[in-house]
Amino acid sequence: MAAHLKKRVYEEFTKVVQQQQEEITTKKLRLTKPSKSAALHIDLCKATSPADALQYLLQFARKPVEAESVEGVVRILLEHYYKENDPSVRLKIASLLGLLSKTAGFSPDCIMDDAINILQNEKSHQVLAQLLDTLLAIGSKLPENQAIQLRLVDVACKHLTDTSHGVRNKCLQLLGNLGSLEKSVTKDAEGLTARDVQKIIGDYFSDQDPRVRTAAIKAMLQLHERGLKLHQTIYNQACKLLSDDYEQVRSAAVQLIWVVSQLYPESIVPIPSSNEEIRLVDDAFGKICHMVSDGSWVVRVQAAKLLGSMEQVSSHFLEQTLDKKLMSDLRRKRTAHERAKELYSSGEFSSGRKWGDDAPKEEIDTGAVNLIESGACGAFVHGLEDEMYEVRIAAVEALCMLAQSSPSFAEKCLDFLVDMFNDEIEEVRLQSIHTMRKISNNITLREDQLDTVLAVLEDSSRDIREALHELLCCTNVSTKEGIHLALVELLKNLAKYPTDRDSIWKCLKFLGSRHPTLVLPLVPELLSTHPFFDTAEPDMDDPAYIAVLVLIFNAAKTCPTMPALFSDHTFRHYAYLRDSLSHLVPALRLPGRKLVSSTVSSNIAPHEDPSQQFLQQSLDRVYSLQHLDPQGAQELLELTIRDLQRLGELQSELAGVADFSATYLQCQLLLIKALQEKLWNVAAPLYLKQSDLASAAAKQIMEETYKMEFMYSGVENKQVVIIHHMRLQAKALQLIVTARTTRGVDPLFGMCEKFLQEVDFFQRCFIADLSHLQDSFVDKLLDLMPRLMASKPAEVVKILQTMLRQSTFLHLPLPEQIHKASATIIEPAGESDNPLRFTSGLVVALDVDATLEHVQDPQSTVKVQVLYPDGQAQMIHPKPADFRNPGPGRHRLITQVYLSHTAWTEPCQVEVRLLLAYNSNARIPKFPWIEGGEVSPQVETSIEGTIPFSKPVKVYIMPKPARR
Amino acid sequence: MSPHRVFPLPVWAGQDVGRSCILVSIAGKNVMLDCGMHMGYNDDRRFPDFSYITQSGRLTDFLDCVIISHFHLDHCGALPYFSEMVGYDGPIYMTHPTQAICPILLEDYRKIAVDKKGEANFFTSQMIKDCMKKVVAVHLHQTVQVDDELEIKAYYAGHVLGAAMFQIKVGSESVVYTGDYNMTPDRHLGAAWIDKCRPNLLITESTYATTIRDSKRCRERDFLKKVHETVERGGKVLIPVFALGRAQELCILLETFWERMNLKVPIYFSTGLTEKANHYYKLFITWTNQKIRKTFVQRNMFEFKHIKAFDRAFADNPGPMVVFATPGMLHAGQSLQIFRKWAGNEKNMVIMPGYCVQGTVGHKILSGQRKLEMEGRQVLEVKMQVEYMSFSAHADAKGIMQLVGQAEPESVLLVHGEAKKMEFLRQKIEQEFRVSCYMPANGETVTLPTSPSIPVGISLGLLKREMAQGLLPEAKKPRLLHGTLIMKDSSFRLVSSEQALKELGLTEHQLRFTCRVHLQDTRKEQETALRVYSHLKNTLKDHCVQHLPDGSVTVESILIQAAAHSEDPGTKVLLVSWTYQDEELGSFLTALLKNGLPQAPS
């Protein structure tokens, strides 16, 4: 509502406004409707019943009010407020006052007195609460004014004793937002001293209404958020609230305790019923841990989440959270985790087969067992096996955060994380895999843990498998058996899900390069070489064999002794793979081979600079262009474009900049070429046919400008101006060409007018940037604007033509970071010769898997296009859930596209490609004065379209006629 | 007035696991909680001794209702016997899933007892049907009015499908009976939950009173590993289960594991019961855990792909297999038959997933016995591996404490457990919650005094007036209130004294205190009065002090008059008079005046 109010600043209170003539140079007069606020006054006076008045107010609330007239409206509303008897109308007026006082540019201090005044005479609780809300809005608009703040706090304190919970709630909210803690703030002249707000709020922790208690805690948190330091005294109060009957109170109290524990981590608190003392943060940690087994899952989620951010907790307490102190028949029992660890360290491999190996051991002293108040004991064990997956996810996240800050804890929580890999809900499994990846620096997996981890590779969910591959990329494995196990499981996975090929290769690449010494003893076995006999050469196209080679070659990179174990064909395969899969296979120092590429990879850093320089130089050269003769200019442009494109291919870091500049130069080149056309020199009627080139150029420039505007991320406003300028030139060109080739003047009228509107729009959009466009086409155009307005189309065209020729070439400033959006369709691969057969009229689902780079907001912009052989095109909007975000700037689209067609006689290919949809509205700043219903002169504002940004993939399909 | 006492009479469920049957008498209402049988006995001892309840008269007259917490036979097995053979016609309350599954189990039990063992004097199929007709089904959290005073309410208990905890409430007194419950969720059911209902008594089971269990994930992984290893070795795995409950959890576990690992080894489920039972599991999806509820639209987890029905002949098939067989404690039926066949081979394995009652074969092999005496004096040597996986869905010690913490009862009563273990838990509960805790033996009666709260109506006017006086919010703290309590027609009302007078037609007696204060003052009466006035005005800032034209001073309703002393002209007498209601202020004033007036600024 507030946004809605701000948007229209268009109303005057009583007078009729005429849009100023200079601003809009169209020939129409723009009349606004008579002011609605004037009507409000009349309506309110006219209203016979409260229901009527309410209706009018509701109608009024739908329209915004501009800053200058707010005060007038407020006066009318207040005047009516005093007269009104019906509480619902008063309520509405009070809420309107609040909304109005939020209007940008309006200073609400003038209505504060009135608001406080009416507050004192108000009887209805609801209206009171609403008025306090209004005061809150006023107060938060004037954060510097101490006197007003004090006064409002005072008002709030007075109404704290109200019987209605709503009023007390609002008072506390107001105190939280405006109150200050320090008593020694400047004494006010009126005798209002700053109160100790914290104490006042604290008193309401024991209010009888749970909603008020919640509001009190929230107000306290609000104080904290505003940067005021809470006193430690509230810690005990907050602790009492942890056993409140109502979940929202407990949930808020947990937050408050967390806040206090972060403020005073080191202060000492006594443990009740003993004379020991512990650090406050530890005590709070214990209390929050206890809330992990609360009755309400909302509180449990809250508690589990907060645990993660308590990093100052002493490790002793931290490690308790993973220890549940098992017992059976009063005898201490070891957990399965402890047993597994022991078995592993003792060298045994079977587990659980021995009878009674989980039999409880020592007796427990019954007095020493503490069943409930054991503080942090087992909090995570409980959290991780909670009923609600929300709690489990929160617990996993908390584990992750704590483990990142404490390596010893990371080691301890490993068992639990590994267990979570078998959770029944996929999201939890995924989350725990990600968590494990994040803490992988601190941990080394034991073999039995690795076993459990690897078992998940058979999961049917692709996300899980890929997450697991990522995890394996950065895991430390302790033994060579571990590596072997991992390889075997990965190959099994590959056999079961061939689509995981790329991900598995990548995973093995890292696994190899991390553990060269562990791979070394495995090499003969993996390559199945024999000391005496030659073995058969494996099939080079086998993905599994490639996987093994990727592992070995990456290990060999840092292990120079390894190549000695290779057989001849291995070297041949190396050469082949180094060429075909260069991103997976590193350069090796092989005996008797030249180090071709190793120098390149090691010397990348110094290379960057020259290429950057080269780019800059070639651009500079071009920008001095206007002094050259057209012929030379064209050649230079062509050369530079070629250079830039090649540079983009070679240097991936500069690809974005190079492509972007090349595209711009391309536009310029096209423009120059079009203006060089002979057509301009010959009388118009003779050149009807040959204008093709010029109009085609105009069209292409337009397309290129859209690409420049929407396909690159990181484009700033100054580039957008240049791009729009280029587009304007293209439009001018189009106009001239049309003028030359069409007979009659009538169509020209419309076109001219449209063009002028666009110029006008351009001016308004980029008024701030116009100074950079000295001497440009638009600059000159704007100079002549009044003349153009008055001229006939033929004249306009003539002027445009000369201006277009005279205009200079604008320098395109390069943005800091620019990346071209790109997409690669991984699946369908387009290699299959087997057509996808389906019955005509029914649908077939086609799995599409693509990676997207540097696409902003892919959920709304990326579309899939299917092109049938008959020219029919179909656009599919993927669901937002189909996009995953594996890394910054990267997205992955995994979706299903439904194909359908009538029967064909033989199979044929359809093309699938990805499109980037754009909408020029998104970029252009909004104009506050444009009201919704009005048709603005900007035709251009809503240009929408799509840019193909992936290579099309062909899919062979065959719709069969339905059998009857 | 009714006796305000809650006293459960545990008929057969005291310090014993086996038969649950508890009698609660609360504020004059008698409720029977569960009606179970004992698995270990085959004679009369298996049913509770109902003659204990009432020697004379019909049960229907004595009991107001019967509540069944869940469908396990040790909680509902004696129900047809009780209702049809002993004779009870009152309502029987249970949840919908229990109502659906209970008759299947009873029928199965009857078949084993009558058809296999040939017992006479047992209830018939018709009796089961008739008994089930008396059942009233309740929903979770639905408050059911049994009669005008007695109401019951069910809470989710986990444990098995449809298991519920019941709150029984008469007026302000209430009892919560937990039945069997589970505080950790498992593969198919959620965790028990109860709100802070603060009952007078919480009757909780205590099967695992002295155990704190490891995380269920380890248990599950262990279980799967054991099964997988045995099967890979070519061995057969026998898992004795009750037809319903744990079986379904283990089925889901194995089913998903089989699917993930792509195993082909057959899994069998022994009885025909399963299909029927699984049907109900599919139906009552709302009673299962979050995962199953979320995914049943795509695929109902209870539609098993890998688990097939078992045929007697399969037991002799070569090669590995996994068989779920009933009953769970290896005391009779198919599981015992299969166990006999497979016990001789050390490659095989039996996994006991739950608790075994003393006296059953299950209990014997678990306690390490390797030679078993079977019927007909033959001795069976057990070579197969015996594993115990605690899959029993009872709350462990921590869980019980957690539930007690959630419900905040005034006292706790432990049932359904072994005496030795209960003793430990009892100490813990008393120590940590500071509530009294009882653990009666079979047939023992516990009587609990309760402090009943008596509702008193208060007139709105009085309430508002008193609210307005005490300004600070002090929730739940007692507050002093002036009013008159009227007890009339067994109703209590608190009204203001004026109204009470009016209603009773009495006139108010004015009670005034007067007091003389002697002051040393040589001036005239009027001047003294004036000095008193100004003094009081300064001291009592927030009271209304007035100087009346006749020379007297009033503070609120207190009147002060100055008079000359009849003998000593230098002494003035101040007459202070106040009503009984202003006693506090009046005595304060006299004390103040006795201290004398400040020196006049003459």
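## Disulfides

A disulfide is a pair of cysteine sulfur atoms within 2.5 Å. In chemical terms, a disulfide is a covalent bond between the sulfur atoms of two cysteines. The structure here is a predicted model. Under that cut-off, the count over all chains is zero disulfides.

C239(A) is in no disulfide. The nearest cysteine sulfur belongs to C289(A) and lies 13 Å away. C239(A) has 14% relative accessibility, so C239(A) counts as buried.

What is the distance from the sulfur of C437(B) to the closest cysteine sulfur? The distance is 17 Å, and the partner is C197(B). That is too far for a bond. C437(B) counts as buried because its relative accessibility is 5%.

## The site around N289(B)

N289(B) sits in a loop of chain B. The loop runs between two helices, α8 (273-283) and α9 (290-295). Is N289(B) buried or exposed? N289(B) has 2% relative accessibility, so N289(B) counts as buried.

Which backbone atoms does the side chain of N289(B) reach? One is the backbone oxygen of R187(B), at 3.2 Å. Another is the backbone nitrogen of I292(B), at 3.0 Å.

Leaving aside residues up to four places away in sequence, N289(B) touches D186(B), R187(B), H188(B), L189(B) and G190(B). N289(B) also touches E424(A), a residue of chain A. R187(B) therefore appears twice for N289(B): in the list of touched residues, and as the owner of the backbone oxygen at 3.2 Å.

## Chain B as a whole

Chain B holds 17 helices and 30 strands. What radius of gyration does chain B have? The value is 37 Å. A compact globule of 602 residues would have one near 25 Å. Along the principal axes, the C-alpha atoms of chain B fill a box of roughly 130 × 55 × 45 Å.

## Burial, contacts and surface

How much of chain B counts as buried? The share is 56% of its 602 residues. N289(B) and C437(B) are both buried residues of this chain.

The contacts can be sorted by sequence separation. Take those in chain B between residues at least 6 apart in sequence. Of these, 70% join residues at least 24 apart.

Chain B exposes about 26,800 Å². Carbon and sulfur atoms supply 52% of that area.

Methods. Residues numbered from 1 in each chain as written. Chains lettered and ligands numbered in written order. Predicted model: local features only at pLDDT ≥ 70, side-chain atom pairs only at ≥ 80, totals over all residues. Heavy atoms only, no water. Buried < 20%, exposed > 50% of the residue type's maximum accessible area, 1.4 Å probe, protein only. Helix = DSSP H or I, 4+ residues; strand = E, 2+ residues; numbered from the N terminus. Polar contact = N/O pair within 3.5 Å; in protein donor to acceptor, adjacent residues only side chain to side chain. Contact = heavy atoms within 4.5 Å. Rg over C-alpha atoms; globule rule 2.2 N^0.38 Å. Areas by Shrake-Rupley, 256 points an atom, 1.4 Å probe, with all protein chains shown as cover.
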